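Please open the model in a viewer and keep the selection panel at hand. The tour below proceeds from one selection to the next.

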Amino acid sequence: MTNLNQFESVFKSADKAVYTYDRPTFDRVLVVTDLNEADAANITNRVRKFLNTIDAAGTRWDTLSGDAFGSVQALLESIEKHKPDLIVTYRHLHSSAWQWPYSLGEYLDVMTQATSVPLLVLPHPDDDRALPHSIQDTDRVMAVTNHLTGDNRLVNIAVAFTKPSGTCWLTHVERKSVFERYMDAISKIPAIDTDVAREALSEQLLKEPRDFIAACRAAIDAQGLPIRIEEVVSMGRQIDEYGELIAKREIDLLVLHTKDKGQLAMHGAAYALAVELRNIPLLML
Amino acid sequence: MHHVSTPVTALFVFLLVAMTLSLAFEEKLHAKKSVIVGLFAAITLFLAAAFGLVHPETVTIMGNPVTLPVYVPGINWEVIAIILGSSLFVDVTSKCGLFTWIAIKLTKASRGDPLKLLIFYSVMTVVFSAVLNNVTAMIIVGTLSGVSLGKLRLTNKLLGFLLIEGLLTNVGGMLTLISSVPNIIIGSTAGISFITFFITASPYVVVATAVTIFMGARLFGIKALKGEAAKTEAASLVAGFDENDGVESVGFFRFGTTMTVLFIVAMASVSVTPYVKDLGMGYVALTFAVIMLTRYAATADRFYQAVDWDLLAFFGCLFIVINMMEHALVLELIGEGLKPIIGLGETVGVGVLLVASAVASSVTDNIPLAAMLAKILGGLELASDSPFWWAVIFGANLGGNITPIGSASTLVAVTIIHKNRLPMSFASFVKVAVPFAALQLVLAAVYVLVVLG
C-alpha cells in the first residue's frame, strides 16, 4: 500500500529551486594595493584588461596605493568612503608573509567578513606561483560551493564575469568525509538498509545541484547569453577536487562564498580554499 | 433454518457488540483490526461448533467431493480479490508517476492562487478517491497540499485544505462501485452494475463536491489572490515544481496511463464482457495487477510486502464472524429490528435507514456495518434499484465524515494534520465536520428520496 512518506518525498523532490537570471552591475571598482602609486596604477590597468567583461563605459575605477592606509581601520574607512561594488586586492598587504601559504594576511582576513562587497583576490604580485593563464581574461570561470541549489547570486555573479563565448562551470562538491560519517552511523542502525541508504542518499544529494544547473542553463540560454554552462557535480574532498579541476580546465577565475550568517569566521571550506588556491584569482562573495 | 436457543443468540449478540466496540476503540486498545476481529472469529467459530450451529460440508467441485472447513464458504472471496487486486494495481501504477504528474500539473495550472488550488485539489481528491481508493487519494492530495502550501507560505490555510479534502474523499468514494469497500459489498450483494452505480451516484457527487468546496472556502477564508504582484509571485513559486521528476521512464509512464484507462473500462464492462462476466471483477483486478507487476517481475515481492495484510485479514475474519452471526440467527434478529424501519416505507424508512447507517458508521468501521446490512437486506429480496440499498451506501460512506475515526481516509487526513504540527483534537474535528456532514446527508436524503425513490 502507498504510504505518506513515499508521496511526501516525491512531491518534495519535485519542488525544485528556481533560478532567476539577474545581471549584477559593478559601477565602482576599488583596487587596493600596498604598492607605490605607479605600480598600483599598473595593477589597476592590468585588472581592467582582465575584467573587461564587467568594465562598462560608466564604470569608475579607483586605486588605493600602499601609503593610503597603514592600518586595517584606515582601510575599512577608505572602503566606506569609496562605496565600491567590487574590491580588487591580494593576500598579505603590507607584509612579507605571502611567501608562506598558510594565511590570508590581516587586511584580507578582516575585509572578507567586515564588508559585504565582493572581493577579487589576485595572486600576490611578487609571487611567481601564479599560473601562466592567470589574470589574462575571464574565458573560463568556475563557481564553487558545497550547496549550489538555489544560490542565484553566486551563479549570476559567475555568469557576469564570464567573457562572451567563454565557459562558466557550475560546480558542487559534496564533502565525502561528512557523507561517510553519516553512512557509518546509518550502518549501525538495523532499521535502515545501509546499501539502499548509501545509494539513495548519494543520488539525491547530487541530483539537486544537477537539477539546479539544468535550470540555470535553460534560463541563461533563454536570455541569449553567449556563454556555455558546464556542470561539475561530484563527491570528494573539496580542496583536492577544485585543485584538480583548476589545473585540468585552466580556470581563470574561481567564484566562491565566504560568509556564513551563523559565524564570524569564513564559512565551511572557504578559508581553506582561499589560503590554498593561490595561483589564480578568486572572487570571494 | 435450524433451531437456535435464545441464550445462544444472546451470547452471539453480546460478542457482536463487544467486537464493534473493540473496533471503535481500536486506537485505545493498541491492536490492529485484523487481530481484534481475528480473535472474535476464533471465539465465534469455536462456540458455533460447540453449540452445533456449523458442520463441515462436503461439496462437489468439478466432480470431486471436497470437504471445506466451515470458515471457507463464509468469506466473500470476490470482495477479497477486488481489494487485493486493486491495491496491488494502484501501488504498482503509482510508481509510473501518473498520479503525482497529474497532481503537480494541476498545482502549476492554479498558478498558486489559493482558491483555484482548493478547487483543483478538491476535484482531484474526488476523482482519485473514485478511481483509486479514499486512503491513497487522501495521501496523494494531502501530502501535496502540505508541500505546495508550504512553498506558497500559506500554511495557515493548510488545516482548511486538509479537512475539505478529507471530507471529499468519502464523497468521491461514492462515485463508482469499486471506489469504497461498502460500495463493493453492497453493490455486489444488490447486483448493481458498475455503470448503473456510476450513473446513479455521479449527480449527487457533483453537487455535494461543489457545495463542500463553496462552504469550505467561506469557512476557512480561502480566497482568490488580488493584485498583479501577488499573482506573479505565487505563479513563480509554484513554477519550480517539476511534474516529470517522479517519472522514472516515459515508456512506463505511458504504459501505466494506458493500463489505468483500460482498468476502468474493464471494470465498467465486466457484466457485459463475454467470459469475463463469469470470472467477476476480482479476476479483472488481479489480472491487471499481475500485468503491471511484469514491470517489476524480479522485485515483485517488494509489492507483496507492501500489501495491507491487516486490512485483508480483517475482511476475511469479519466475513467469518458475520457468517457465524448468521448461523446463530443474530442477523435474523437484527433484520427483525430493521423491519419496522423498512416498514415505514420508501420515504421515511429510507431516510431513517440512511441516517442510522451514517450515525453507526461515524463511530465504528463502516465495513462491518455494510457487510451486515448487505446480508440482512439481501435476505429481504429487495430489487437492485431499491432506494434502501442506496440509503446504506450513502449513509455508510458519508457517516465517515462526522468523526475522525469514521473512515480510514479522514483518519489519514488527521494524521497529515498532526504531521504538519497543526492542532486538531477529536472534538474540534467533530465541531468543524458536523455542519459539512449534516449538509451532505440532507442532500443525500433528498437525492435518494426525490430522485431515486
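The stops that follow begin with a whole chain, continue through its helices and loops, and end at the contact between chains.

**Chain B as a whole**

The model is a predicted one. Select chain B and display it as a cartoon: its secondary structure comprises 21 helices and two strands. The radius of gyration of chain B is 23 Å, close to the 22 Å that the globule rule gives for 453 residues, so chain B is as compact as a globular protein of that length. Along the principal axes, the C-alpha trace of chain B spans about 80 × 50 × 40 Å. Of the 453 residues in chain B, 48% are buried. If contacts in chain B are restricted to residues at least 6 apart in sequence, 79% of them join residues at least 24 apart.

**Helix 9, an enclosed element**

Select residues 181–190 of chain B, which form helix 9. Nine of these ten residues are buried, so helix 9 of chain B is largely enclosed by the rest of the structure. The buried residues are Val181(B), Pro182(B), Asn183(B), Ile184(B), Ile185(B), Ile186(B), Gly187(B), Thr189(B) and Ala190(B). To see what covers them, add helix 4, helix 10 (194–219), helix 18 (366–379) and helix 19 (387–398) of chain B, which are included in the cover. Then step past the end of the helix: Gly191(B) follows helix 9 of chain B and has a positive phi, near 80 degrees.

**Helix 4 against helix 13**

Keep helix 4 of chain B on display and add helix 13 (residues 276–293) of chain B; their axes come within 7 Å and cross at roughly 25 degrees. An angle under 35 degrees counts as roughly parallel, which means that helix 4 of chain B is roughly parallel to helix 13 of chain B. The crossing of helix 4 and helix 13 of chain B is left-handed.

Now show side chains. On helix 4 of chain B, the residues that meet helix 13 include Ala81(B), Leu84(B), Gly85(B), Leu88(B), Phe89(B) and Val92(B). On helix 13 of chain B, the residues in this contact include Met281(B), Ala285(B), Phe288(B), Ala289(B) and Met292(B). The contact of helix 4 with helix 13 of chain B has 14 nonpolar, five polar and one charged residues.

**Helix 19 against helix 21**

Next, select helix 19 of chain B together with helix 21 (residues 426–452) of chain B, which pack at an angle of about 170 degrees with their axes 10 Å apart. That angle makes helix 19 of chain B roughly antiparallel to helix 21 of chain B. Helix 19 of chain B contributes Pro387(B), Trp390(B), Ala391(B), Phe394(B) and Leu398(B) to the contact. Helix 21 of chain B contributes Ala437(B), Gln440(B), Leu441(B), Ala444(B), Val448(B) and Leu452(B). The residues of this contact between helix 19 and helix 21 of chain B divide into ten nonpolar, one polar and no charged.

**Val355(B)**

Centre the view on Val355(B), in helix 17 (residues 345–363) of chain B. Residues up to four places away in sequence aside, Val355(B) touches Gly395(B) and Leu441(B). Val355(B) and Leu398(B) lie 43 residues apart in sequence, yet their C-alpha atoms are 9.6 Å apart. Val355(B) counts as partly exposed because it has 19 C-beta neighbours inside 10 Å.

**Two loop residues with positive phi**

Select Leu329(B), in the loop between helix 15 (309–327) and helix 16 (330–343) of chain B. Phi of Leu329(B) is positive, near 65 degrees, in a residue other than glycine. Is Leu329(B) buried or exposed? Leu329(B) counts as buried because it has 22 C-beta neighbours inside 10 Å.

Move to Arg421(B), in the loop between helix 20 and helix 21 of chain B. Arg421(B), a residue other than glycine, has a positive phi near 55 degrees. With 7 C-beta neighbours inside 10 Å, Arg421(B) counts as exposed.

**The contact between chains**

Finally, display both chains: the contact takes 25 residues from chain B and 15 residues from chain A. Helix 4 (77–94), helix 5 (98–109), helix 7 (134–151) and helix 20 (408–419) of chain B each supply at least two residues of the side of chain B that touches chain A. Helix 7 of chain B provides the largest share of that side, seven residues. By class, the residues of the side of chain B that touches chain A divide into ten nonpolar, nine polar and six charged.

Terms used. Residues are numbered from 1 along each chain as its sequence is written. Chains are lettered from A and ligands numbered from 1 in the order in which they are written. This is a predicted model: local features need pLDDT of at least 70, side-chain atom pairs count only at pLDDT 80 or more; totals for chains, interfaces and linings use all residues. Two residues are in contact if their C-beta atoms, placed from the backbone, lie within 7 Å. Helices (H or I, at least four residues) and strands (E, at least two) are DSSP runs, numbered from the N terminus. Ala, Val, Leu, Ile, Met, Phe, Trp, Tyr, Cys and Pro count as nonpolar, Asp, Glu, Lys and Arg as charged, and the others, Gly among them, as polar. A residue is buried if 20 or more other C-beta atoms lie within 10 Å of its own, exposed if 12 or fewer, and partly exposed in between; C-beta atoms are placed from the backbone. Axes are lines fitted to C-alpha atoms, for helices over the stretch in contact, and angles run from 0 to 180 degrees between N-to-C directions. Angles under 35 degrees count as roughly parallel, over 145 as roughly antiparallel, 65 to 115 as roughly perpendicular and the rest as oblique. A crossing is left-handed if the near helix is turned anticlockwise from the far one by less than a right angle, and right-handed if clockwise. The radius of gyration is taken over C-alpha atoms; the globule rule is 2.2 Å times the number of residues to the power 0.38.
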